[in-house]
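Visitor: I am new to this structure and should be grateful for a close look at a single part of it. Please take one helix and then show how its surroundings are built.

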Amino acid sequence: MIAERALARSEEALRQAQKMEAVGQLTGGLAHDFNNLLTGMMGNLELLQLRVARGQLDDLDRFVSAAQGAGRRAAALTQRLLAFSRRQTLDPRPTDINRLLRGLEDMLSRTVGATVPIEIIAAPELWVADIDAGQLENVVLNLCINGRDAMPEGGRLSITTANHWVDERMGRELDLSPGQYVSVGVTDAGVGMTRDVMARAFEPFFTTKPIGQGTGLGLSMVYGFARQSGGSIHLQSKVGEGTTVCVYLPRHHGKADDAGAAEQLKLAATSKSQTVLVIDDEATIRHLIDEVLDEQGYIVINAADGAAGMKVLQSSAEIDLLVTDVGLPNGLNGRQVADAARLLRPGLKVLFITGFAEASALEGGMLQPGMELLTKPFTLTDLSTKVAGMLD
């Protein structure tokens, strides 16, 4: 008994040490990457401020572009971290994955380069999957880039789709509940992975690439997306022969949602008489949305929290669209405000904006008709497109 207790204590101490090592690796890698990006943003903005103060107004675009580029990379890093932790905001819709891959083919070919031809092997009569199509595109892009990097001398990439009936035995192997799944697999003919590398492949910030050539978040993001979507991921690799990464996603029983799939609305300062109520506790974001929508000709009303927003909704003011942050302070979150607003104003259109997956705030179920989701950070075009699409 004493020996068993001692063994149990030793095993628990080992698990705790492994957890702390993983946390240290995560925070160290995160701090390194964000410090680089913040230096790029802050330095370029400081130079911009100095030039403006001196009256040197020529050639300012390069400082703005450099700061924006660092900001976009920081946004991408945040999304990968949220994907790994399974806390990103997903917008799942019934999706035809074969059609999605055909639409990606040109971009993938340009990204991986001429020395790495891509072959798409699409299963006939592929089932529909209920997934966030934009995030799946990121997954496929990440896997193709990893495959390209594993073939420094060039080689062929294959993207394969398939339908699967997962029974209990297969479910135990893949860590999936028995049922029907759609798979997307990416195969390269590269250097392959050793057993030790495979065991750590999904750890955040773990990478075998030279410093500066990879964040180590690609596969961890893929893993997090698959698990958050109700699926799983399977890795096969052999040194010198290549690697296959296969993502399993749950089947949707029904037709794919094609509504608005190819719609791309542009910024247009046309006069609109619609009124938008914006609720966000972050003043800078609230004022940014106000400026953008005002330039588009909308009438904008601002509120700093749910209680202030409810006062506007209870008034006689005409509101055509409610734009609300999900995580609001002082007792009322965005979903609660939206539900109360629809009791007062049935059919009111609602656009949720969030920088974090507030699962508890949205637990009233999936988004109802007339509700959309926009994830921070978003571009001005993203915001204008979403608002125009909902109101026009």
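Guide: In helix H10, the buried residues are Gly334, Arg335, Val337, Ala338, Ala341 and Arg342. Viewed down the axis of H10, these buried residues fall within an arc of 160°, so they line one face of the helix. The general geometry of helices helps here: an α-helix has 3.6 residues a turn, so residues three or four places apart point the same way. The model in which this is seen is a predicted one.

Against what does this buried side of H10 rest? The buried residues of H10 pack against strand E8, helix H9, strand E10 (321-325), strand E11 and strand E12 (371-375). Two of these partners, H9 and E8, lead on to further parts of the structure.

Helix H9 covers residues 306-313, and Gly306, Gly309, Met310, Val312 and Leu313 are buried in it. Down the axis of H9, the buried residues fall within an arc of 155°, so this helix too has one face lined by them. The buried residues of H9 pack against E8, E9 and helix H10 (334-344).

Strand E8 also leads to helix H8, because what covers the buried residues of H8 includes strand E8 (275-279), strand E9 (299-303), strand E11 (349-354) and helix H11 (380-391). The buried residues in H8 are Arg286, Ile289, Val292 and Leu293. Seen down the axis of H8, they fall within an arc of 135°, so they line one face of the helix. The face turned away from this buried side carries Thr284, Glu291 and Glu295, which are exposed. The length of H8 can be checked as well: its 13 residues, 283-295, should span 18 Å at 1.5 Å a residue, and the end C-alpha atoms are 18 Å apart, which agrees. After H8 comes Gly297, with a positive phi near 95°.

Another part of the chain holds the largest nonpolar core, which has 36 residues. Those with the most contacts inside this core are Ile97, Leu136, Val140 and Ile159. At least two core residues each are supplied by several elements, among them helix H3 (97-112), helix H4 (133-149), strand E4 (157-166) and strand E5 (179-188). The largest share, six residues, comes from H3. Val140 gives a local picture of the core: leaving aside residues up to four places away in sequence, Val140 touches Leu101, Leu104, Leu108, Ile159 and Val184.

Strand E4 also contains Ser158. At 15% relative accessibility, Ser158 counts as buried, because the limit for buried is under 20%. With residues up to four places away in sequence set aside, Ser158 touches Glu119, Gly185, Val186 and Thr187.

A further residue of strand E4, Trp165, takes part in an aromatic pair with Trp127, which lies in the loop between strand E2 (118-121) and E3. The two are 38 residues apart, so the pair links distant parts of the chain. The count of aromatic pairs comes to one. The geometry of Trp127 and Trp165 is edge-to-face, with 6.2 Å centre to centre and 85° between the planes. Trp127 is buried, with a relative accessible area of 15%, whereas Trp165 is exposed, at 64%.

The loop between E2 and E3 also holds Glu125. Glu125 has a positive phi of about 55°, although it is not a glycine. At 75% relative accessibility, Glu125 counts as exposed. Asp175, in the loop between helix H5 (168-174) and E5, likewise has a positive phi, near 60°, in a residue other than glycine.

The whole chain provides the setting for these parts. The secondary structure comes to eleven helices and twelve strands, and buried residues make up 40% of the 392 residues. Among contacts with a separation of 6 or more, 73% are between residues 24 or more positions apart.

Finally, the confidence of the prediction should be kept in view. The mean pLDDT of the protein is 78, and 75% of its residues reach 70 or more. Over residues 259-271 the pLDDT is below 50, and this stretch has twelve contacts in the model beyond near neighbours in sequence. Residues 357-361 also have a pLDDT below 50, with eight contacts in the model beyond near neighbours in sequence.

Key
Residues are numbered from 1 along each chain as its sequence is written. This is a predicted model: local features need pLDDT of at least 70, side-chain atom pairs count only at pLDDT 80 or more; totals for chains, interfaces and linings use all residues. Side-chain values use heavy atoms; hydrogens and water are left out. A nonpolar core is a set of buried Ala, Val, Leu, Ile, Met, Phe, Trp, Tyr and Cys residues joined through side-chain atoms within 4.5 Å. Buried means under 20% relative accessible area, exposed over 50%, partly exposed in between (1.4 Å probe, protein chains only). Helices (H or I, at least four residues) and strands (E, at least two) are DSSP runs, numbered from the N terminus. Contact means heavy atoms within 4.5 Å. The expected span of a helix is 1.5 Å times one less than its number of residues. The arc is that of the directions from the helix axis to the C-beta atoms. pLDDT is the predictor's confidence in each residue, from 0 to 100. Rings of Phe, Tyr and Trp (its six-membered ring) pair if their centres lie within 6.5 Å; planes under 30 degrees apart count as stacked, over 60 as edge-to-face and the rest as tilted.
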